[in-house]
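Biologist: Please choose one part of this model and take me through it closely, with the cut-off behind each term, and then carry on into the helix packing and backbone.

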Amino acid sequence: MAFDGVTIANIVSELNRELIGGRLYKIAQPEEDELLLTIRQSNGQKRLLISAEASLPLLYLTETNKPSPMTAPNFCMLLRKHLQNGRITEISQPGLERIVRIGIEHLDEMGDLRSKTLIVEIMGKHSNIIFCNEDGIIIDSIKRVSAAVSSIREVLPGKPYFVALTQNKLDALSTDYDEFHTALASKPQPVYKALYGSFTGISPVLAQELCYESGLDGDRPTAALAENDYRNLYQAFTQMTTAIREEHFTPNIAYTKDNPVEFCALPLTMYGYGKNTDSTAADSTITYDSMSSLVEHYYARKNTLTRIRQKSFDLRRIVQTALERNVKKYDLQQRQIKDTEKRDLYRIYGELLNTYGYNAQPGAKSLDALNYYTGETITIPLDSTMTATENAKKYFEKYGKLKRTYEALSELTKEVKDEIEHLESIQTALDIALHEEDLAQIKEELVENGYIRKKSNSKKQKITSKPFHYISSDGFHIYVGKNNYQNDELTFKFATGNDWWFHAKQMPGSHVIVKLGNAQELPDRAFEEAARLAAYYSKGRDQEKVEIDYVQKKHVKKPNGGKPGFVVYYTNYSMAIDSDISGIQIADA
């Protein structure tokens with residue numbers, strides 16, 4: 001699942017077909033490390049998304065627009081100043097490096113034609129978008145890198161741009177057989193590792209594919225290869241480089257059952273390429289018309305989740321800190337409750353001493369007495385300096401103190417346990433959130449419960465987040481709350497008495513409502529689909545099976561003083577089910 005040099009070569013090929021000659025109509029910076037360029041062409045507008053996000057750097061054409069901040073960041077303003085209405089003249093990739101150069105011509109303030117270059121580096125945490133003049137001098141970058149951060153290369157205004165050569169890899173597009181053979185033979189390791197470790201732009205999955213095509217086991221050590229093995233491997237390698245040079249790309253995603261496992265710009269025959277185009281079949285592949293559409297499809301959800309996790313970091317930290325504090329408090333209280341377990345024994349000691357104390361000898365350290373509750377003889381420890389009556393009084397005092405402690409702690413532990421469950425439900429809501437507006441209600445809940453201090457002059461944010469809305473295979477409308485406020489709203493204001501209510505058993509999760517409408521009852525398939533949604537939108541979504549409680553809404557009650565999202569019910573059905581919701585139609589976000 002690597003955004004390797006071959007993938008970038010495929011994208012550069014697409015960009016050359018779609019963008020050359022186009023003019024930069026809009027330049028936006030939706031995120032701190034992301035650009036969205038709108039290019040006007042004779043056949044319409046194209047959008048190019050460029051992300052230098054450390055964990056998920058991307059570059060692809062998209063039809064989706066993204067909202068931009070009210071005030072454009074400085075880097076965006078700089079690009080607008082220089083490149084607005086500029087014409088794209090060249091898009092290239094040096095070798096199979098994970099670098100894309102976009103050449104742009106524009107008119108300066110004097111009306112003279114100038115050339116600038118936008119350089120996109122897709123290199124994991126070192127990814128960047130760098131803006132250079134015609135002499136290769138950096139004007140600015142979306143991420144500035146000083147000498148204090150990198151001893152290899154500074155990325156700062158006024159510094160010359162160059163590609164940092166941190167790996168001694170060969171250019172796959174210009175390698176002959178002798179270089180190929182020598183490079184692999186010099187690495188005493190599995191063949192596939194030697195391949196991606198020797199040549200620029202080749203990912204582990206593509207290296208495994210080359211081994212598969214040449215009939216070799218990728219884990220076989222290079223020292224065990226015969227001359228004929230090298231020849232077969234080089235033939236597959238040459239076919240790959242020829243396809244890249246001639247731009248014969250076949251973007252495809254390999255699936256195991258319905259789970260995408262890898263993607264590549266060239267056919268992944270080791271996953272059954274061409275055998276099946278059904279994404280739900282085992283070991284199958286789906287081919288796309290363009291690498292951009294593949295990347296957008298493959299990474300869309302992952303990119304959304306990455307962004308929303310960044311934006312929810314502060315909320316997660318607040319919830320995690322409060323949760324850890326309450327868990328420590330709960331554990332301490334449980335230990336204190338355990339210390340009160342002898343309270344009833346002290347009461348019995350006191351009663352037995354009042355009954356049989358006349359048998360105690362002066363100065364005795366214990367008394368054997370018949371426990372009339374069990375019929376057994378027990379030994380009662382005594383303070384030899386006290387009378388039996390005084391010892392009885394001491395035991396009653398101990399009993400009274402421990403009883404009061406137990407009663408107080410029982411109430412406190414219930415409150416702390418409820419608080420822990422509430423915080424865990426907020427954690428689950430943060431995991432479910434997909435958009436920034438989904439976080440607004442969660443933040444409001446944290447403010448209402450005192451976890452975040454409310455600012456005196458802050459205006460209440462308008463809530464635009466709505467529950468998930470699905471349609472079952474039988475046409476029933478299913479609604480899923482994204483947070484505790486939405487759960488309460490769905491269950492007690494939106495649902496009617498005979499609608500069905502679903503929730504993961506004894507764990508944080510969403511309330512799921514199935515609207516019965518005019519139907520008399522739900523078909524079994526609708527019950528199963530709603531249960532899968534309840535499993536997926538719960539803390540147990542990664543478990544093989546999740547137990548789901550379901551009951552008609554009229555049996556669900558809200559206890560007085562209950563936390564948001566907390567309900568009780570006493571009559572219910574249950575089923576254990578997986579959390580696979582891939583076949584359930586979503587009606588809207």
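**The largest cavity and its surroundings**

Modeller: The lining of the largest cavity divides into three nonpolar, eight polar and one charged residue (nonpolar being Ala, Val, Leu, Ile, Met, Phe, Trp, Tyr, Cys and Pro, charged being Asp, Glu, Lys and Arg, and polar the others, Gly among them). The model is a predicted one, in which local features need pLDDT of at least 70 and side-chain atom pairs count only at pLDDT 80 or more, while totals for chains, interfaces and linings use all residues. Residues are numbered from 1 along each chain as its sequence is written, and side-chain values use heavy atoms, without hydrogens and water.

A search of the whole structure returns one cavity of 30 Å³ or more, and the largest cavity holds about 60 Å³ of space. A cavity here is a set of points on a 1 Å grid over the protein atoms alone where a 1.4 Å probe fits but cannot get out, with lining residues having an atom within 4 Å of a point; its volume is the space filled by probe spheres set on the points. Its lining is formed by Ser425, Thr428, Ala429 and Ile432, together with Gly481, Lys482, Asn483, Asn484 and Asn487, and also Pro508, Gly509 and Ser510. Helix H10 (388–432) and H12 each supply at least two of these residues, and the largest share, four residues, comes from H10 (helices are DSSP runs of H or I with at least four residues, strands E runs of at least two, both numbered from the N terminus).

Following H12 (residues 484–494) away from the cavity leads to helix H11 (residues 436–448), for their axes come within 8 Å and cross at roughly 100 degrees (axes are lines fitted to C-alpha atoms over the stretch in contact, with angles from 0 to 180 degrees between N-to-C directions). H11 and H12 are therefore roughly perpendicular to each other (65 to 115 degrees, against under 35 for roughly parallel, over 145 for roughly antiparallel and oblique for the rest). In this contact (heavy atoms within 4.5 Å), Gln441, Glu444, Glu445 and Glu448 of H11 meet Asn484, Tyr485 and Gln486 of H12. By class, the residues of that contact are one nonpolar, three polar and three charged. Asn484 thus appears twice, in the lining of the cavity and in the contact with H11.

Elsewhere, the axes of helix H4 (residues 191–198) and helix H5 (residues 204–213) come within 8 Å and cross at roughly 125 degrees, and the two helices are therefore oblique to each other. Val191, Tyr192, Leu195 and Tyr196 of H4 make this contact with Pro204, Ala207, Gln208, Leu210 and Cys211 of H5, a set with eight nonpolar, one polar and no charged residues. H4 also packs with helix H3 (residues 177–185), the axes coming within 9 Å and crossing at roughly 120 degrees, which makes H3 oblique to H4. Here Phe180, Ala183 and Leu184 of H3 face Ala194, Leu195 and Ser198 of H4 in the contact, with five nonpolar, one polar and no charged residues.

Two backbone details remain. Gln506, in the loop between strand S17 (500–504) and strand S18 (512–514), has a phi near 55 degrees, a positive value in a residue other than glycine. Asn85, in the loop between helix H2 (74–83) and strand S5 (87–92), likewise has a positive phi, of about 70 degrees, although it is not a glycine.

Terms used. 1 Å grid on protein atoms, 1.4 Å probe; cavity = no way out; pocket = protein on both sides within 12 Å on 5 of 7 lines; lining within 4 Å.
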